[in-house]
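Here is a friendly walk through one protein chain, taken a region at a time. Keep the structure open beside the text and follow along.

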Amino acid sequence: MSNDKTWLSLDETADYLDMGKTALYALAREGRIPASKVGKKWMFERASLDVWMRSSQPPELYLLNLGFDAEGENTLREPQRDGYARVHEFLRSGKNQAIIQIPVGCGKSGLASILPLGLAEGRVLVIAPNLTIKRELFDAMDITNRRKCFWRKASVLSDVQMSHGPLACTLDTGNLSVATKSHLVITNVQQLATNPDKWLKRFDDDFFDMIIVDEAHHSAATSWQAVIDRFPSAKVVLLTATPFRSDRQELDGELVYRYSFRSATLKGYIKRLKASYVAPQQIELGFTDKSGQSYTLDEVLQLKEKDWFSRAVALATPCNEHIVDSSLAKLEELRESGTNHQLVAVACTINHAREIRSLYRERGYTAEVIHSKQTPEKEAEVLRDLRNGTLDCIVQVQKLGEGFDHPKLSVAAIFRPFRTLAPYIQFVGRIMRVVVQNDPAHPDNVGHIVTHLGMNLDQRLKEFKEFERDDQAFWEKVIGGAEPEVPASVREGDARLRVGETTVVHGEIVDSLWEEDFTSAEDQQVIDDLRDRMRLLGLDTKDVEEFVKKAQRGGMRRGSATEAFPKLPQRELEEARRRLNEQAQRLAKILLTHVDLKMTGREIPYKYKTLKLSGRDNYVCALMMVNKEIGKRLGKERDEASVEDFKATSDALEEVRKLLARRLRKAKADYEQSEA
């Protein structure tokens, strides 16, 4: 029989498949094998038979025998190709738990898609940290999704190879029978671990041969480890953009491959980032409304490591205004390309985020806040406006985490201190995705990080650069210790807070904006990469090394301070009125926490009769008390008040809180005495 024969007869096919002619005839007649009847004879196409044989293989052989070649004709990126090769070597050496670190935007989902090919000797469990990433991973491994299937997009597998698999499923609507028929099961950890009896315990402990965990720094959680421990013989591959677990401890396993941020920038996989710092010539700090002490820039550089100082800077309106102006200047600079770049900001608390939103709106930019206390409908509305370009700025409080993909976010404005490196890198990751793929020189592939020198974030960038140098001693130092996150009750406004901060910034004079590159260009790798690129373009490479040395600029560069953006009086008034209304609602909550009353309770309207309030619950009554006192302070209707009136009243809210708390405590004591 000729080896290049396209169509085979019944006898030739029986020999090719090593099968009896009677059994083959029965399969053809029943339509269980690809065959065509010409007259009275059955004919079989060789290519279709090859696909049929692969699809008929048991699960432990299917992915192993797909014929995937990472070095073949495909469009895999460097970290995908090299990461696959390193994992292949690692697993074939008999080791079992590998860690791969590649930056956001470099193709982590694609790498997760190819890792099972030729390596998994059975079914594969792919675990995502949230629903967004789960959908992205399923789309990448769904052979019926012709637009998003990664194997097709990257020419990793042919249409013929994918005619019967690999088959992927989720646990959303499927059941155990569907998972049994599939080669890849993609889920988020909540589905498996929240109710183990529903899924986890129903799988035999050898049901999966490989487990791939995306955004693996979440594997610190007990729930993640419970899933991994359920399948003790499975190969485990942990994928992460940052080498830190959620508890800041080192991931369990061996780091087999790490693709640097510097390399990703040079290849055009992520944006070229620059960090800018508002540098005050002089800043005045005091306590509440008392006059304070002025500090020079040299003194700021010494004090910025103190928590009280960096927090005062973070929450100070004058400092926030300078960050806002500088970040908008960077946004406008990027928009000169014609692309509608957008800005993401991070704040300390929800109340702080609302204040920052007002600062952007006063300057004529559309801005919204996103946080964990919003309704799903409101969150979806904000994200929709961001994606369709309606919003210029989005201000977040611990949202927009892993898997949020919006390349036009190109300016990161930081209004809060980060005490450790991990959350700093994770936030900056929101602006790393490129607008134009694989073009490092494109003007749209630039991102800016803007903050205030007094928040000590230049120290985080210094740590990041040390980390990029593969300093193992530094790695061990920086991954230890927890980031002191703001407690949820404080972040959401439920704690016993003061209305204002104890330490305040009365004002500052800014005369410069310092700038430095996010990644350092300082080793032979830069020269080699640039030489390769110039060679491909047919350019002379002899002067590359000298060119790189001239282009390298060490340390920070001092630039001119940003001009203040103009504010229309009308917008200032609108935002001042909005902020006072929001602060009134927040003050009502704070007031109740200070007197140990629940918002949904009914003590105030039904028991504390001396207050003469008739709202439906404690919160409504407290809000009525607050608004009445605010009205007294304003001395006029809100529609008639000026910006100065609103700001003066906002500054007096701590006094209002003390006054109303005393009034509530007295009413509470009067009631308890009457009941005694």
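## A guided look at the chain

Let's start with one pair of residues: alanine 413 has valine 450 as its bridge partner in strand E17. This is a predicted model, so please read every value here as computed from that model. The pair belongs to a parallel match between strand E16, residues 409–414, and E17, which is held over 3 bridges. Between the two strands comes helix H18 (residues 421–428), and E16, H18 and E17 together make a right-handed β-α-β unit.

Is E17 mostly covered or mostly open? Strand E17, which spans residues 446–452, is mostly covered, with 7 of its 7 residues buried. Val446, His448, Val450 and His452 point one way from E17, while Gly447, Ile449 and Thr451 point the other way, and all are buried. In general, side chains in a regular strand alternate between the two faces of the sheet.

**H18 and its helix neighbour**

H18 also packs against helix H19 (residues 457–468), at an angle of about 90 degrees and with the axes 10 Å apart. An angle of 65 to 115 degrees counts as roughly perpendicular, and H18 and H19 are therefore roughly perpendicular to each other. From H18, the contact uses Leu421, Tyr424 and Ile425; from H19, it uses Leu457, Arg460, Leu461, Glu463, Phe464 and Phe467. Sorted by class, the contact of H18 with H19 has 7 nonpolar residues, no polar ones and 2 charged ones.

**The start of the chain**

Now move to the low residue numbers, where helix H1 (residues 10–17) packs with helix H2 (residues 21–29). Their angle is about 105 degrees and their axes are 9 Å apart, and H1 and H2 are therefore roughly perpendicular to each other. Leu10, Asp11, Thr13, Ala14 and Leu17 of H1 meet Lys21, Leu24 and Tyr25 of H2. The contact of H1 with H2 has 5 nonpolar, 1 polar and 2 charged residues. Within H1, the buried residues include Thr13, Ala14 and Leu17, and Glu12 is buried too. Just after H1, aspartate 18 takes a positive phi of about 55 degrees.

The two helix pairs can be set side by side:

| Helix pair | Angle between axes | Distance between axes |
|---|---|---|
| H1 and H2 | about 105 degrees | 9 Å |
| H18 and H19 | about 90 degrees | 10 Å |

There is a sheet in this part of the numbering as well. Its 3 strands form an open sheet in the order E1-E3-E2, with antiparallel pairing. The edges are strand E1 (7–8) and strand E2 (36–38), each of which pairs on one side only. E1 is joined to strand E3 (residues 41–45) by 2 bridges, and E1 and E3 run antiparallel. Here tryptophan 7 stands opposite glutamate 45 in E3.

**The seven-stranded sheet**

In what order do the strands of the open sheet of 7 strands lie? The order is E6-E7-E5-E8-E9-E4-E10, and the pairing is parallel. Strand E6 (168–170) and strand E10 (254–258) are the edge strands, each pairing on one side only. On average, neighbouring strands of this sheet are turned by 20 degrees against each other, direction ignored. At the E6 edge, 3 bridges join E6 to strand E7 (residues 184–188), and E6 and E7 run parallel. Cysteine 169 has valine 185 as its bridge partner in E7.

Two helices to look for on this sheet are H5 and H7. Helix H5 (residues 78–92) packs on the sheet, touching strand E4 (97–101), strand E8 (208–213), strand E9 (235–240) and E10, and its direction makes about 150 degrees with that of E10. Helix H7 (residues 131–140) touches strand E5 (123–128), E6 and E7, and its direction makes about 165 degrees with that of E7.

**One residue further along, and the whole chain**

Threonine 593 lies in helix H24, residues 569–594. The cut-off for buried is under 20% relative accessible area, so threonine 593, at 18% relative accessibility, counts as buried. Threonine 593 and alanine 661 are 68 residues apart in sequence and 9.8 Å apart in space, C-alpha to C-alpha.

Stepping back, the chain's secondary structure comes to 28 helices and 19 strands. Of its 676 residues, 51% count as buried. Among contacts in the chain with a separation of 6 or more, 75% are between residues 24 or more positions apart.

Technical notes: Residues numbered from 1 in each chain as written. Predicted model: local features only at pLDDT ≥ 70, side-chain atom pairs only at ≥ 80, totals over all residues. Heavy atoms only, no water. Buried < 20%, exposed > 50% of the residue type's maximum accessible area, 1.4 Å probe, protein only. Helix = DSSP H or I, 4+ residues; strand = E, 2+ residues; numbered from the N terminus. Pairing = 2+ DSSP bridges. Right-handed = clockwise from strand over helix to strand, strands pointing away. Axes fitted to C-alpha atoms, helices over the stretch in contact; angles between N-to-C directions. Parallel < 35°, antiparallel > 145°, perpendicular 65-115°, else oblique. Contact = heavy atoms within 4.5 Å. Nonpolar A, V, L, I, M, F, W, Y, C, P; charged D, E, K, R; others polar.
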